[in-house]
Amino acid sequence: MKKTVFILLAAMLILCLAACGNEGKTKPSEAKTPVGPASEADSAEGSSRRASAVSSDTAEGKGGILVAYFSATGTTEGVAEKIAAIEGADLYEITAAEPYSSADLNWNDSSSRSTKEQNDKNARPAIGSDPVDLGGYTKIYVGFPIWWGEEPRIMDTFVESCDFSGITVIPFCTSASSGIGRSGQNLAERAGSGNWLDGKRFSGSVSEADLRSWIEGLN
Ligand SMILES: Cc1cc2nc3c(=O)[nH]c(=O)nc-3n(C[C@H](O)[C@H](O)[C@H](O)COP(=O)(O)O)c2cc1C
């Protein structure tokens, strides 16, 4: 009888110590992945949405992986989320300080905001999301939609604000039909740091299997 009580007490003590040991621990990925500011415009059609984070243990273990993306209408975001799920990566959404409205995105209007920005190689739309801390990341996927055959200028703003030294950077994009073209090279040149791999274009409906085989081919 005494032996049974002793075993029970010992088991309770071990359980208590295990529970206390987990208190107050924050995953590095949760601590460093910023969440963009909410704004009224977040609900507007065609506007950028808030940043979100997918929890992962990668920053502690095999090297952190980040999927950073800009998505005006949600297509690139869907692909970014699939890549993050496959890689166990953190997600960082690049949002515009001034969100893009439907009128801003009208490519049939030669005076729309997006047309004017794409016609000006020096345009650098301001970013609204909090800056991301790249410390601890060894691999970063950079995603964006194709606008007029190229990366949106806000992607130039983003890469110019980052130090990718020691990081492998993998561009990807979505589009109606255009390929990624020179966008990857443009971004690499503007960034001036990082080991940039060739980029790839996906349709919004790309399957997880196709993404997985692309990712495996990168390694
Ligand atoms: C201003 C603008 C320009 C675009 N230019 C092209 C283009 O040159 N070629 C193309 O195939 N698709 C083009 N598209 C379509 C987008 O690339 C495509 O819908 C993309 O998947 C949208 O991604 P998002 O929802 O993440 O913003 C353009 C879209 C916009 C808004």
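Two residues are in contact if their C-beta atoms, placed from the backbone, lie within 7 Å. The structure is a predicted model, in which local features need pLDDT of at least 70, side-chain atom pairs count only at pLDDT 80 or more, and totals for chains, interfaces and linings use all residues. Residues are numbered from 1 along each chain as its sequence is written.

**Exercise 1. Describe the overall organisation of the protein.**

Step 1. Among contacts between residues at least 6 apart in sequence, 78% join residues at least 24 apart.

Step 2. Helices (H or I, at least four residues) and strands (E, at least two) are taken as DSSP runs and numbered from the N terminus. The protein has seven helices and six strands, arranged along the sequence as α-α-β-α-β-α-β-α-β-α-β-β-α.

Step 3. A residue is buried if 20 or more other C-beta atoms lie within 10 Å of its own, exposed if 12 or fewer, and partly exposed in between, with C-beta atoms placed from the backbone. Of the 219 residues, 37% count as buried.

**Exercise 2. Determine how strands β1, β2, β3 and β4 are connected.**

Step 1. Two strands pair if DSSP finds at least two bridges between them. Strand β1 (residues 64-69) pairs with β2 in the parallel sense over four bridges, and Ala 68 stands opposite Tyr 92 in β2. The path from β1 to β2 passes through α3 as a right-handed β-α-β crossover. Right-handed here signifies that, with the strands pointing away from the viewer, the path from the first strand over the helix to the second runs clockwise.

Step 2. Strands β1 and β3 run parallel and are joined by six bridges; Leu 66 has Ile 140 in β3 as its bridge partner.

Step 3. Seven bridges link β3 to β4, again in parallel, with Lys 139 opposite Thr 168 in β4. A right-handed β-α-β unit is formed by β3, α5 and β4.

Step 4. Strand β3 is largely enclosed by the rest of the structure, because eight of its nine residues are buried. In strand β2 (residues 90-93), Asp 90 and Tyr 92 point one way and Leu 91 and Glu 93 the other way, and all are buried.

**Exercise 3. Explain why Val 67 counts as buried, and place this residue in the nonpolar core.**

Step 1. Val 67 lies in strand β1. Val 67 counts as buried because 27 other C-beta atoms lie within 10 Å.

Step 2. Leaving aside neighbours within four places in sequence, Val 67 is in contact with Ala 80, Ile 83, Ala 84, Ala 89, Leu 91, Tyr 141 and Gly 143. The C-alpha atoms of Val 67 and Asp 90 are separated by 6.1 Å, although these residues are 23 apart along the chain.

Step 3. A nonpolar core is a set of buried Ala, Val, Leu, Ile, Met, Phe, Trp, Tyr and Cys residues joined through C-beta atoms within 7 Å. The largest such core has 43 residues, and those with the most contacts inside it are Leu 66, Val 67, Ala 68 and Ile 140. The elements giving two or more residues to this core include β1, α3, β2 and β3 (137-145).

**Exercise 4. Characterise the shell around the ligand.**

Step 1. A residue is near the ligand if its C-beta atom, placed from the backbone, lies within 6 Å of it. Of the 21 residues around the ligand, Ser 71, Thr 73, Thr 75, Thr 76 and Pro 145 come nearest.

Step 2. Helix α3 (residues 75-87) gives the most to this shell, with three residues.

Step 3. The shell divides into eight nonpolar, twelve polar and one charged residue. In this division Ala, Val, Leu, Ile, Met, Phe, Trp, Tyr, Cys and Pro count as nonpolar, Asp, Glu, Lys and Arg as charged, and the others, Gly among them, as polar.
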